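Trainee: I should like to go through this structure step by step, beginning with the overall fold. May I put my questions to you in turn?

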Amino acid sequence: MLKTVIKSYNELTKNELYTILRIRSEVFVVEQRIAYQDLDNKDQKALHIMGYIDNELIAYTRIFKPNDYFQYASIGRVLIAKKYRRFDYGKEIMKTSILAIETHFNEVTIKISAQLYLKRFYSNLGFVAYGDVYMEDEIPHTAMLKGEKSKLSELN
């Protein structure tokens, strides 16, 4: 089972921050072969959700309250270390992130910018895709929203 820890930027130790940046680079830059600016000055506003197996960081997201990234609360930089992807840790870290938004921000409406190939994964967690597919860092993405039925009905 995934052990999760939630910390603000100021609560992160130097080693935790280094490990987060290393795994994000490993997945988003090296594995996906995309040169992009990961250090976007948004980590300081985020809560960082870290998932551990045997004291190794293998899962991560960062969450934002409304208007710190998007109009709605949001989840980003979702990742699972490659060798752990077949164990459903993605669902665990996302469920923890959704609950953290509800608990820490008192919000139920969540927006994500999802890589298109993961649309079904996020749909299974209650997210609904809307709008046109767009390119972000050379990868097709779709906007997705989860939450209040009234806000979801406005998308159609």
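Trainee: What pattern does the protein chain follow when read along the sequence?

Mentor: The model is a predicted one. Its protein chain has four helices and seven strands. Read in sequence order, these elements give the pattern β-α-β-β-β-α-β-α-β-β-α.

Trainee: What is the radius of gyration of the protein chain, and how does that value stand against the globule rule?

Mentor: Along the principal axes, the C-alpha trace spans about 45 × 35 × 30 Å. For 156 residues the globule rule gives 15 Å, and the chain comes close to that, so it is as compact as a globular protein of that length. The radius of gyration is 15 Å.

Trainee: In what order do the strands lie in the sheet, and which are the edge strands?

Mentor: The seven strands form an open sheet of mixed pairing, ordered E1-E2-E3-E4-E5-E7-E6. The twist from one strand to the next averages 25°. Strands that pair on one side only are the edge strands, namely E1 (3-8) and E6 (128-136).

Trainee: Is the pairing of E4 with E5 parallel or antiparallel, and which residue is the bridge partner of Ala73?

Mentor: Strands of a sheet can pair in either sense through backbone hydrogen bonds. Here E4 (residues 73-80) and E5 (residues 110-115) pair in the parallel sense, over two bridges. The partner of Ala73 in E5 is Ile110.

Trainee: Which strands does helix H1 touch, and what angle does its direction make with that of E4?

Mentor: Helix H1 (residues 14-31) packs on the sheet. Its contacts are with E1, E2 (47-53), E3 (56-64) and E4. Between the directions of H1 and E4 the angle is about 75°.

Trainee: How many residues does H2 give to the largest nonpolar core?

Mentor: In soluble globular proteins, nonpolar side chains tend to be buried together. The largest such core here has 39 residues, and those with the most contacts inside it are Ile58, Ile63, Ile75, Ile112, Tyr122 and Phe127. Buried positions of H2 include Ile93, Met94, Ile98, Ile101 and Phe105. H2 gives the most to this core, and its share is seven residues.

Trainee: Which residues does Phe127 touch, if those up to four places away in sequence are not counted?

Mentor: Phe127 is among the residues with the most contacts inside the core. With the sequence neighbours set aside, its partners are Ile75, Met94, Ile98, Ile110, Ile112, Tyr122, Met144, Leu145 and Lys146.

Trainee: What span does H2 reach from its first C-alpha to its last, and which residue follows the helix?

Mentor: Helix H2 (residues 89-105) has 17 residues, for which 24 Å is expected at 1.5 Å a residue. The span reached is close to that, at 23 Å. The residue that follows H2 has a positive phi, near 55°, and is Asn106.

Trainee: Where does Asp54 lie, and is this residue buried or exposed?

Mentor: Asp54 is not a glycine, although its phi is positive, about 50°. The residue lies in the loop between E2 and E3. Its relative accessible area is 75%, and the cut-off is over 50%, so Asp54 is exposed.

Trainee: What is the relative accessibility of Asn67, and where is its place?

Mentor: Asn67 is another residue other than glycine with a positive phi, near 70°. Its place is in the loop between E3 and E4. Asn67 counts as exposed, with a relative accessibility of 61%.

Definitions and conventions
Residues are numbered from 1 along each chain as its sequence is written. This is a predicted model: local features need pLDDT of at least 70, side-chain atom pairs count only at pLDDT 80 or more; totals for chains, interfaces and linings use all residues. Side-chain values use heavy atoms; hydrogens and water are left out. Two strands pair if DSSP finds at least two bridges between them. Axes are lines fitted to C-alpha atoms, for helices over the stretch in contact, and angles run from 0 to 180 degrees between N-to-C directions. Contact means heavy atoms within 4.5 Å. The expected span of a helix is 1.5 Å times one less than its number of residues. Buried means under 20% relative accessible area, exposed over 50%, partly exposed in between (1.4 Å probe, protein chains only). A nonpolar core is a set of buried Ala, Val, Leu, Ile, Met, Phe, Trp, Tyr and Cys residues joined through side-chain atoms within 4.5 Å. The radius of gyration is taken over C-alpha atoms; the globule rule is 2.2 Å times the number of residues to the power 0.38.
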